[in-house]
Amino acid sequence: LTDGEYLVDITVEGGSGRASVTSPAVLTVEDGSAVAQIEWSSSNYDYMKLGDETFLPVNEEGNSVFELPVTEFDTPVTVIADTTAMSTPHEIEYTFIFEGASVAPAGQAAGVQRPLLISGACVVCIAAAVCAFCILKRRKRKQKQ
């Protein structure tokens, strides 16, 4: 991949099923190295391990977010995530698969739901159409009486 920002789907297996990661995830490629931003559905993860390397969250508030290197697509990768949600911290094993076929530039990713943006002019036109419809409907009712 060339340098830039992409989105990639992540398949996650393992754990208790109570936590999940945001998919698609942001994938940043710089100087030929890819790094995925892993955002958990929980704020209770305090570190992750990938191989012999330990990663700390890159944020201090909200759900736990980590930046992990991605060296291969479509290959299961075992990671350990430590959660503090239980009475004592627990390391939990997960398997991540970064889906190579899903990689798309962040601004053009197919299948990604984005909020619908409507301009002010469109809002005025829609409101006018609704008002006209209501007026015509009222006139028809009066004519029938």
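Two strands are taken to pair if DSSP finds at least two bridges between them. In this predicted model, that rule is met by strand 3 and strand 6, which run antiparallel to each other and share six bridges. Within strand 6, Pro 69 is the residue that stands opposite Val 35. This pair is a handy place to start a walk through the fold.

The overall make-up is easy to follow along the chain. The protein holds eight strands and one helix, and the order from the N terminus is β-β-β-β-β-β-β-β-α, with the helix coming after the strands. The eight strands build an open sheet whose order is 5-4-7-8-1-2-3-6, with antiparallel pairing. Strand 5, covering residues 53-55, and strand 6 are the edge strands; each has a single partner strand, so one side of each lacks a neighbour in the sheet. From one strand to the next, the twist averages 35 degrees.

Further pairings can be traced residue by residue. Strand 1 takes part in two of them. With strand 2 it forms an antiparallel pair over five bridges, in which Gly 4 has Val 29 of strand 2 as its bridge partner. With strand 8, strand 1 pairs over eight bridges, again in the antiparallel sense; here Leu 7 is matched with Ala 104 of strand 8.

The sheet also supplies residues to the interior. In soluble globular proteins, nonpolar side chains tend to be buried together. In this model the largest nonpolar core contains 26 residues, and those with the most contacts inside it are Ile 38, Trp 40, Met 48, Tyr 94, Phe 96 and Phe 98. Two or more core residues come from each of strand 1 (4-14), strand 2 (25-30), strand 3 (33-39), strand 4 (45-50), strand 6 (65-70), strand 7 (77-83) and strand 8 (90-105). Strand 8 is the top contributor, giving five residues. Met 48 offers a good view of this packing: leaving aside residues up to four places away in sequence, Met 48 touches Trp 40, Glu 53, Thr 54, Phe 55, Phe 66, Leu 68, Val 79, Ile 80, Ala 81 and Phe 96.

Some totals put the core in context. The protein has 145 residues, and 26% of them count as buried. Its accessible surface comes to about 9,900 Å², with 52% belonging to carbon and sulfur atoms. Of the contacts between residues at least 6 apart in sequence, 52% join residues at least 24 apart.

Charged side chains add another link between strands. Side chains of opposite charge can pair when their charged atoms come close. The count here comes to one salt bridge, formed by Lys 49 and Glu 91, whose closest N and O atoms are 3.1 Å apart. This pair links distant parts of the chain, since Lys 49 belongs to strand 4 and Glu 91 to strand 8, 42 residues apart. Neither partner falls under the 20% cut-off for a buried residue: Lys 49 is partly exposed at a relative accessible area of 29%, and Glu 91 is also partly exposed, at 43%.

Several loops carry details worth a look on the structure. In the loop between strand 5 and strand 6 lies Pro 57, which is partly exposed with a relative accessible area of 28%. The C-alpha atom of Pro 57 is separated by 6.4 Å from that of Tyr 47, ten residues away along the chain. Setting aside residues up to four places away in sequence, Pro 57 touches Tyr 45, Asp 46, Val 65 and Phe 66.

Backbone geometry offers a few more points of interest. Most residues other than glycine have a negative phi, and most peptide bonds are trans. The bond from Ser 23 to Pro 24, however, is cis, with omega near 10 degrees, and Pro 24 sits in the loop between strand 1 and strand 2. Positive phi values appear at Asp 31, near 50 degrees, and at Asp 74, near 60 degrees. Asp 31 is located in the loop between strand 2 and strand 3 and is exposed, with a relative accessible area of 67%. Asp 74 is found in the loop between strand 6 and strand 7, where it is partly exposed at 49%.

Note on methods: Residues numbered from 1 in each chain as written. Predicted model: local features only at pLDDT ≥ 70, side-chain atom pairs only at ≥ 80, totals over all residues. Heavy atoms only, no water. Core = buried A, V, L, I, M, F, W, Y, C linked by side-chain atoms within 4.5 Å. Buried < 20%, exposed > 50% of the residue type's maximum accessible area, 1.4 Å probe, protein only. Helix = DSSP H or I, 4+ residues; strand = E, 2+ residues; numbered from the N terminus. Contact = heavy atoms within 4.5 Å. Areas by Shrake-Rupley, 256 points an atom, 1.4 Å probe, with all protein chains shown as cover. Axes fitted to C-alpha atoms, helices over the stretch in contact; angles between N-to-C directions. Salt bridge = Lys/Arg side-chain N within 4 Å of Asp/Glu carboxyl O.
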